[in-house]
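Here are my notes on this model, as numbered points. Please read them with the structure open.

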Amino acid sequence: MSWQTYVDDHLMCDIDGTGHHLTASAIIGHDGSVWAQSSSFPQIKSDEINGIMKDFDEPGHLAPTGLHLGGTKYMVIQGEPGAVIRGKKGSGGITIKKTSQALVFGIYEEPVTPGQCNMVVERLGDYLVDQETCMVNVWMMGTKGSNQLENADADAFQSIYDVSPHSYGCDRDASKGGNILICRGFMKQSWRDVDLSFTLQK
């Protein structure tokens, strides 16, 4: 399942058969990189992510200034220190759930209630926390030399693990004389006993 599917099917879903949906949602890395988002999610700024991450590390950091997202200011209300930040603005608000690698965002307006937004965001966040690996670091020996990561390597990864690295927000880092493919991925149930670090030698 791709990150975009998590957003489309689990965050922007019909809430409890009411026909209501979140206004916007996203899954964003701790570094501010967007893994997936709804079309309505605002353009987030690096200083906004930095402030959010600091509040997770130092609960209460955002209380004096408010939580800012895409230039919109939310009043910070009671959340779960280090795990969930909640904000309110008029009849709407925001919920942010932290996992070990990402932030799950949900933004709502009436008739969606704060409790419904919390449920949707935290349910997915809790699932991801339970499923996610710390990080999948795959050492890839380039097919045409140590400084090149070829499509054939990515194809081999996909054939072995039945997942496309491209759709799972992977970064290619050419360093230390080779290439590391860093995949922000989740293990399927059947992968639990599988060592996801491997070397492809052509």
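Is Asp-16 buried or exposed?

1. Asp-16 is exposed, because its relative accessible area is 55%, and the cut-off for exposed is over 50%. Look for Asp-16 in the loop between α1 and β1. The backbone deserves a check here. Asp-16 is not a glycine, yet its phi is positive, at about 55°. Bear in mind throughout that this is a predicted model.

2. Now the overall layout. The chain holds four helices and 10 strands. From start to end, the order of elements is α-β-β-α-β-β-β-β-β-α-β-α-β-β. The chain has 202 residues, and 46% of them count as buried.

3. Contacts and surface come next. Take the contacts in the chain with a separation of 6 or more: 54% of them join residues 24 or more positions apart. The exposed area of the chain is about 10,000 Å². Carbon and sulfur atoms supply 49% of that area.

4. Helix α1 spans residues 3-11, and its buried residues are Trp-3, Tyr-6, Val-7 and Leu-11. Why do they count as lying on the same side of α1? They do so because they cover an arc of only 95° around the axis. Their cover includes two strands that follow in the numbering, β1 (24-29) and β2 (34-37). It also includes β7 (102-108) and helix α3 (114-131).

5. Helix α3 also contains Gln-116. Gln-116 counts as buried because its relative accessibility is 16%, where the cut-off is under 20%. Which residues does Gln-116 contact, leaving aside neighbours within four places in sequence? They are Ile-15, Thr-18 and Pro-111.

6. Pro-111, one of those contacts of Gln-116, needs a look of its own. Pro-111 sits in the loop between β7 and α3. The peptide bond leading from Glu-110 into Pro-111 is cis. Its omega is near 15°.

7. Turn to the second largest pocket. Its volume is about 160 Å³. The lining is made up of 15 residues. Nearest the pocket centre lie Asp-55, Pro-59, Gly-60, Val-76 and Gly-79. Three elements give two or more residues to this lining: α2 (46-57), β4 (72-80) and β5 (84-89).

8. Which element gives the largest share of the lining of the second largest pocket? That is β4, with five residues. By residue class, the lining of this pocket has eight nonpolar, four polar and three charged members.

9. Strand β4 also carries Lys-73. Lys-73 counts as partly exposed because its relative accessibility is 47%, and that class lies between the buried cut-off of 20% and the exposed cut-off of 50%. Not counting residues up to four places away in sequence, Lys-73 touches Thr-65, Gly-66, Leu-67, His-68 and Lys-89. One further pair is worth displaying. Lys-73 and Gly-87 are 14 residues apart along the chain, and their C-alpha atoms are separated by 8.8 Å.

10. Two backbone items to revisit in the viewer: the positive phi of Asp-16, and the cis peptide bond from Glu-110 to Pro-111.

Terms used. Residues are numbered from 1 along each chain as its sequence is written. This is a predicted model: local features need pLDDT of at least 70, side-chain atom pairs count only at pLDDT 80 or more; totals for chains, interfaces and linings use all residues. Side-chain values use heavy atoms; hydrogens and water are left out. On a 1 Å grid over the protein atoms alone, a cavity is a set of points where a 1.4 Å probe fits but cannot get out, and a pocket is an open set with protein on both sides within 12 Å along at least five of seven lines; lining residues have an atom within 4 Å of a point. Grid points are joined across faces, edges and corners, and a volume is the space filled by probe spheres set on the points. Ala, Val, Leu, Ile, Met, Phe, Trp, Tyr, Cys and Pro count as nonpolar, Asp, Glu, Lys and Arg as charged, and the others, Gly among them, as polar. Buried means under 20% relative accessible area, exposed over 50%, partly exposed in between (1.4 Å probe, protein chains only). Contact means heavy atoms within 4.5 Å. Accessible areas come from the Shrake-Rupley method with a 1.4 Å probe; for residues, only the protein chains shown count as cover. The arc is that of the directions from the helix axis to the C-beta atoms.
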